[in-house]
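Q: Please take a close look at one part of this model, the small sheet and what surrounds it. Please then connect that part to the rest of the assembly.

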Protein chains: 2
Amino acid sequence: MSRTAPTVALRQSETQTRKGLHNDQIYEEMFAAILEQRLAPGTKLSEDTLGEIFGVSRTVIRAVLQRLAHERIVQIHPNRGAFVSEPSPAEAQEVLQARRLIEAGIIREAIRRQVPSDMETLRQSVAAERESLEQGDHESWVRLSGDFHLKLAAIAKNHTLAAYVKELVSRTSLIIVQYQKGNVSPCSCDEHTQIIKAIEARDEEKAVELMMAHLKACEDQLNLRHEEGKADLFSIFAKPGGRAERKRRAV
Amino acid sequence: MSRTAPTVALRQSETQTRKGLHNDQIYEEMFAAILEQRLAPGTKLSEDTLGEIFGVSRTVIRAVLQRLAHERIVQIHPNRGAFVSEPSPAEAQEVLQARRLIEAGIIREAIRRQVPSDMETLRQSVAAERESLEQGDHESWVRLSGDFHLKLAAIAKNHTLAAYVKELVSRTSLIIVQYQKGNVSPCSCDEHTQIIKAIEARDEEKAVELMMAHLKACEDQLNLRHEEGKADLFSIFAKPGGRAERKRRAV
DNA sequence: TTAATTAATTTTGTATACAATATTTTTTAC
DNA sequence: GTAAAAAATATTGTATACAAAATTAATTAA
């Protein structure tokens, strides 16, 4: 094993082994690391190295990786290992189509079930989002802007749909890393705020329309032509055998 | 371990150890066994016993159980083991609500994407369904009637939504076992046939309406009051300590 | 030097061993 | 005989050991 530098972005004080972490905790850490883009798509997730980092055996790591794989955040290639997912353009469109469908349903149900305190929760979420944006804390912002959609799902009081939204929001995050074209997205806080207003006014059609526009806007910011442009150049000029895969620093 | 009779309904010639089966195969077998109701809700799924049955170590069984647990067909109680899920009435309503939302979206997309051969596929599915019903093969019918919805999802060409439908159909199957009141459902083949016609005619609203009615009909056949009626009697008369859990024959 | 082949190493897949926790049975007191 | 407590048993959770496969490095031929 590459004893030198199991250097990874897994929020911990340097390269130390932390004992006592278990399945759920390790899952949360890895989930956050991927979502906050400290682990880039395509990064190899070595069982040995992760076990060393978290101070557990491969048995535990394996369970976590399978869990992440089922949520499509990680992809497992048999006999080759686990990698942070690299969603294809087709997959990206699928995910956003699924989000439009499910989040439309959720917003309608949320309007029916809302109580005043729910609106307060949503407003706080947007406030946190705006603050992280102003402070230029990109990592936090990515997490918090997804959080809004999760909170909305919670208001609809359907755990199954909420779980689907959680999965789809995570995958969207990965998609954005890969396909976002140009500079950062123009503050979606305002769009979220408008959605809150429509929900509060119980204007179902307006709220759904705003949400659809919001998700469309997200999709429009992506460059989903070909494989990425970048990858195309590689495949055109690279020597046969494709080294592009192996360049990425393993976790 | 209860060396006597690891007798389970896992479609195999008696109580023999079958070597060489791996993750996917074991998953498929267990999935089918639960869906076809040869493994009843609440049944304990012992790692040792399953390992013996399939001729593999607990390591492999564990991975399969985690996979089934993530699909909500199996529930894992920490330190206590895995059990075939016993969905609550609330969960049942959640699942059916989610189905209405997602299958409405799928039917709209299927109408847009359909090609003639797709309709043939659907008709064959209904034909198989009808045949199993006429032959009184209840197990096959349960599987095949769910299959129609899976085929429909495939036509919509969205793997993500198709995966959700697969999960929801499985869970519905478990729900029906637990909560179906009275005798068997009146042939839903006709409802499926009508849906096919509406799709073929590209009548989106009609098709969605029929699907909603179909799912509503399913929900109406359930008795979701209290915990089951049956369980209530137990909790009223049983001695403290609750033996009801332990009666069920472990796999 | 480059390409292909072979050997060495690393990494995953599975079985097994042991520790921790639950469950069952036995014992003891009333 | 019943109920509570304690011991025995069985089951899950985790680490480790070994086998199978893939990757990497070294060797050889052009």
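A: In this predicted model, a suitable starting point is the pairing of β2(B) with strand β3 (residues 81-84) of chain B: four bridges join the two strands, which run antiparallel. One of the residue pairs involved is V74(B), whose bridge partner in β3(B) is V84(B).

These two strands belong to an open sheet of three strands in chain B, arranged in the order β1-β3-β2 with antiparallel pairing. The edges of the sheet are held by β1 (44-45) and β2 (74-77) of chain B; each has a single partner strand, so one side of each is left without a neighbour in the sheet.

A helix accompanies the sheet. α3(B) packs on it and touches β1, β2 and β3 of chain B, and the direction of α3(B) makes about 115° with that of β2(B).

The helix α3(B) also meets a second helix. Its axis and that of helix α2 (residues 47-54) of chain B come within 9 Å and cross at roughly 110°. An angle of 65 to 115 degrees counts as roughly perpendicular, and α2(B) and α3(B) are therefore described as roughly perpendicular to each other. On the side of α2(B), the residues that take part are E47(B), D48(B), L50(B) and G51(B), while α3(B) supplies R58(B), I61(B) and R62(B). By character, the residues of this contact divide into four charged, two nonpolar and one polar.

From here the view can be widened to the other chain. The contact between the chains takes 16 residues from chain B and 16 residues from chain A. On the side of chain B that touches chain A, the elements giving two or more residues are α3 (58-70), α4 (89-113) and α7 (159-179) of chain B. Thus α3(B), which packs on the sheet, is also one of the elements on the side that touches chain A. The most is given by α4(B), with seven residues. The residues on this side of chain B comprise seven nonpolar, seven polar and two charged.

The arrangement of the two chains can also be described. A rotation of 180° with 0.0 Å of shift along its axis superposes chain B on chain A, with an RMSD of 0.0 Å. The two copies are thus related as by a two-fold rotation axis. The same surface serves both copies, since 100% of the contact residues of chain B recur in chain A.

Finally, chain A as a whole has ten helices and three strands. Of its 251 residues, 30% are buried.

Methods
Residues are numbered from 1 along each chain as its sequence is written. Chains are lettered from A and ligands numbered from 1 in the order in which they are written. This is a predicted model: local features need pLDDT of at least 70, side-chain atom pairs count only at pLDDT 80 or more; totals for chains, interfaces and linings use all residues. Copies are superposed by least squares on the C-alpha atoms of residues with pLDDT of at least 70 in both. Two residues are in contact if their C-beta atoms, placed from the backbone, lie within 7 Å. Ala, Val, Leu, Ile, Met, Phe, Trp, Tyr, Cys and Pro count as nonpolar, Asp, Glu, Lys and Arg as charged, and the others, Gly among them, as polar. Axes are lines fitted to C-alpha atoms, for helices over the stretch in contact, and angles run from 0 to 180 degrees between N-to-C directions. Angles under 35 degrees count as roughly parallel, over 145 as roughly antiparallel, 65 to 115 as roughly perpendicular and the rest as oblique. A residue is buried if 20 or more other C-beta atoms lie within 10 Å of its own, exposed if 12 or fewer, and partly exposed in between; C-beta atoms are placed from the backbone. Two strands pair if DSSP finds at least two bridges between them.
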